[in-house]
Amino acid sequence: MTAQPAAPLPVLTLQSERPQDGPLVDALIERAFGPGRYAKVSERVREFATFAAEMSVCAWSGQRLLGCARMWHVRVGGRRVMFLGPFAVELGERNAGFGARMINRACEDAAAAGETHVVLVGDEPYFSRVGFAAAAGRAVIMPGPVDQRRVLVRALTADAGELAGPIQPA
Ligand SMILES: CC(C)(COP(=O)(O)OP(=O)(O)OC[C@H]1O[C@@H](n2cnc3c(N)ncnc32)[C@H](O)[C@@H]1OP(=O)(O)O)[C@@H](O)C(=O)NCCC(=O)NCCS
């Protein structure tokens, strides 16, 4: 039997989230996380954070939305910081590097805008591959119960320094 050639990867276009993308992004997030997402401590942050559409990334293949990474303005210990999430790739399009490309794009856009850190709550084995590391001790304090090992930070500049303090509105 002859092996079937692998399906070609979709050509991905990364763009900032536009107002008209909102419903498609929300639907993708709903499919990826389900209603359980409202219980996450990250949702408590997003209740007071300021949405940063220009740094939020949508991954498109033509008219089809394949992934999203939303970004939010917050403060940690008085410093301006970006908070990342929700972050999702459509089931069936995963494991092709799209997620890593979106994270890197969001971080590049944030660095270009003068931001110094991106914080998120997520799995360290995944996010360590894209430059995130656990915030030391309880340095970044979330507004609710969380496994502190999942509070991850990526410094965007060599002299960004450490973050310390509660996450608060921007
Ligand atoms: C997490 C997610 C966005 C990654 O998207 P993706 O496009 O598949 O990511 P990439 O292609 O960049 O990376 C895939 C690799 O990461 C690994 N990986 C995926 N999720 C992982 C996790 N939670 N922990 C450890 N490794 C993980 C995959 O096994 C794969 O490994 P390989 O390269 O060795 O094969 C996607 O799996 C998803 O939408 N999951 C559901 C929503 C979710 O959990 N979002 C993150 C919440 S913080």
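A residue is treated here as buried if 20 or more other C-beta atoms lie within 10 Å of its own, and as exposed if 12 or fewer do. By this criterion, both faces of strand S6 are covered in the predicted model, since His 117, Val 119 and Val 121 on one side are buried, as are Val 118 and Leu 120 on the other. With 5 of the 5 residues of S6 buried, the strand is therefore largely enclosed by the rest of the structure.

The setting of this strand is given by the overall fold. The secondary structure of the protein chain comprises 4 helices and 10 strands, and from the N terminus on, the elements follow the order β-α-α-β-β-β-β-α-β-α-β-β-β-β. The radius of gyration of the protein chain is 16 Å, close to the 15 Å that the globule rule gives for 170 residues, so the chain is as compact as a globular protein of that length. Along its principal axes, the C-alpha trace spans about 60 × 30 × 30 Å. Of the 170 residues of the protein chain, 32% count as buried. Among the contacts in the protein chain with a separation of 6 or more, 70% are accounted for by residues 24 or more positions apart.

The pairing of strands around S6 was examined next. Strand S6, which covers residues 117–121, is joined to S9 by 5 bridges, and the two strands run antiparallel; within this pairing, Val 118 stands opposite Arg 154 in S9. Strand S5 also pairs with S6, but in the parallel sense and over 2 bridges, and here the bridge partner of Phe 83 in S6 is Val 119. Strand S9, made up of residues 151–155, is itself mostly covered, with 4 of its 5 residues buried. In addition to its pairing with S6, S9 is joined by 2 bridges to strand S7 (residues 133–134), again in an antiparallel arrangement, and Ala 133 stands opposite Val 153 in that pair.

In soluble globular proteins, nonpolar side chains tend to be buried together. In this model, the largest nonpolar core contains 43 residues, of which Met 82, Phe 83, Leu 84, Ala 106 and Leu 120 touch the most other members. The elements that give two or more residues to this core are helix H1 (22–33), strand S3 (57–61), strand S4 (64–76), S5, H3, S6 and S9. The surroundings of Leu 120 show how parts of the chain that are apart in sequence are brought into contact: leaving aside neighbours within four places in sequence, Leu 120 is in contact with Phe 83, Leu 84, Gly 85, Phe 127, Phe 132 and Leu 152.

Helix H1 offers a contrast between adjoining positions. Val 25 lies in helix H1 and counts as buried because it has 20 C-beta neighbours inside 10 Å. When residues up to four places away in sequence are not counted, Val 25 touches Glu 17, Cys 58, Leu 65 and Cys 68; the C-alpha atoms of Val 25 and Leu 65, although 40 residues apart along the chain, are separated by 7.6 Å. Asp 26 is also found in helix H1, yet this residue is exposed, because 12 other C-beta atoms lie within 10 Å. Asp 26 and Pro 86 are 60 residues apart in sequence, while their C-alpha atoms are 9.6 Å apart in space.

Two features of the backbone call for separate mention. Most residues other than glycine have a negative phi, and most peptide bonds are trans. Against this background, a cis peptide bond joins Gly 85 and Pro 86, with omega at about -10 degrees, and Pro 86 has its place in strand S5. Asn 95, in the loop between S5 and H3, has a phi near 65 degrees, which is a positive value in a residue other than glycine. Asn 95 counts as exposed, because it has 7 C-beta neighbours inside 10 Å.

The model also includes a ligand, around which 16 residues are found, and of these Arg 94, Gly 99, Ala 100, Gly 122 and Asp 123 come nearest. By class, the shell around the ligand has 9 nonpolar, 5 polar and 2 charged residues. Strand S5 (79–89), helix H3 (98–112) and helix H4 (124–127) each supply at least two residues of this shell, and the largest share, 4 residues, comes from S5. Strand S5 thus appears both among the elements that contribute to the largest nonpolar core and among those that contribute to the shell around the ligand.

Methods. Residues are numbered from 1 along each chain as its sequence is written. This is a predicted model: local features need pLDDT of at least 70, side-chain atom pairs count only at pLDDT 80 or more; totals for chains, interfaces and linings use all residues. A residue is near a molecule or strand if its C-beta atom, placed from the backbone, lies within 6 Å of it. Ala, Val, Leu, Ile, Met, Phe, Trp, Tyr, Cys and Pro count as nonpolar, Asp, Glu, Lys and Arg as charged, and the others, Gly among them, as polar. Two strands pair if DSSP finds at least two bridges between them. A nonpolar core is a set of buried Ala, Val, Leu, Ile, Met, Phe, Trp, Tyr and Cys residues joined through C-beta atoms within 7 Å. Two residues are in contact if their C-beta atoms, placed from the backbone, lie within 7 Å. The radius of gyration is taken over C-alpha atoms; the globule rule is 2.2 Å times the number of residues to the power 0.38.
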